Amino acid sequence: MQAEDVKVILVLASWSSGSTSVAGYLDKCGAYSCPPHVHTVDERTPNAYEPRELMKVLTLCIDENTLQPTPRADAFGIFFPKWIMVQKMKAAEAGHRFIVLKHPLQSFVLPVIMSTLPDARVVVVSRPFEKIEATRARRSWAASYGDWGARQVYGATYTWLHDNSYGYVCVPYERFRSEAALRSEMLTYVGLQPTPEQQADADAFLK
């Protein structure tokens, strides 16, 4: 397998939305999630399934508290094309046909990401704002991680997708966890075909 044959699945969602479960599920189904990952202090989601290198540059370019570009915002356009090519090479060497990328700040740099990956498959993870806010409060996180931040993230996400007539699949978090048929539809959309063992591991991951 060659690096250029590796496809990218982009998971777009706010913090506290359940996107970690979706990214982890795709990882268990055979997608390469570009380790090492960011780890959290939340015992329910110790592994965020977010590439540590990607997170570092995203937070350099976008302020996590204000969700506004920083003076270093242009750095992402320099970093991402080279970084994703290296990740595709690593994925191909490990026998993976897909990469999954997830971080809330991705929504604010979609022009760079999508110009680099024009054939990426997009999965939007949705969750009611009040549940997002409740999760933020439980974790005692800043406002950008709850209702307020979610409205900014989804606003940026849907504006770009709609303005560019870009296809995507929307996965409601609660239904994703409880409905195997919905998970199957998502896998079909992104083109991922897990082995029976991978599928069983992924389903067990959600329980």
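The following exchange goes through a predicted model of one chain, from its overall dimensions to single residues.

Biologist: On what basis are the local features and side-chain values given, and how are residues numbered?
Modeller: This is a predicted model, in which local features need pLDDT of at least 70 and side-chain atom pairs count only at pLDDT 80 or more, while totals for chains, interfaces and linings use all residues. Side-chain values use heavy atoms, with hydrogens and water left out, and residues are numbered from 1 along each chain as its sequence is written.

Biologist: What radius of gyration does the chain have?
Modeller: The radius is taken over C-alpha atoms, and the globule rule is 2.2 Å times the number of residues to the power 0.38. For 207 residues a compact globule would come out near 17 Å, which agrees with the value for the chain, 16 Å.

Biologist: How many helices and strands does the chain have?
Modeller: Both are DSSP runs numbered from the N terminus, helices being H or I of at least four residues and strands E of at least two. Counted in this way, the chain has 9 helices and 6 strands.

Biologist: Which helix gives the largest share of the largest nonpolar core?
Modeller: A nonpolar core is a set of buried Ala, Val, Leu, Ile, Met, Phe, Trp, Tyr and Cys residues joined through side-chain atoms within 4.5 Å, where buried means under 20% relative accessible area, exposed over 50% and partly exposed in between, with a 1.4 Å probe and protein chains only. The largest such core has 62 residues, of which Leu26, Phe76, Phe80 and Leu101 touch the most other members. Its largest share, 8 residues, comes from helix 3 (residues 75-93).

Biologist: Is threonine 70 buried or exposed?
Modeller: Threonine 70 is found in the loop between helix 2 (52-61) and helix 3. Beyond residues up to four places away in sequence, threonine 70 touches Leu60, Cys61, Ile62 and Asp63, a contact meaning heavy atoms within 4.5 Å. Because its relative accessible area is 19%, threonine 70 counts as buried.

Biologist: What is the relative accessibility of isoleucine 99?
Modeller: Isoleucine 99 is found in strand 4 (residues 98-102). Leaving aside neighbours within four places in sequence, the contacts of isoleucine 99 include Val6, Val8, Ala31, Ile84 and Lys88. Isoleucine 99 counts as buried, because its relative accessibility is 0%.

Biologist: What distance separates the C-alpha atoms of isoleucine 99 and lysine 88?
Modeller: Isoleucine 99 is in contact with Lys88, and the two residues are 11 residues apart along the chain. Their C-alpha atoms are separated by 7.4 Å.
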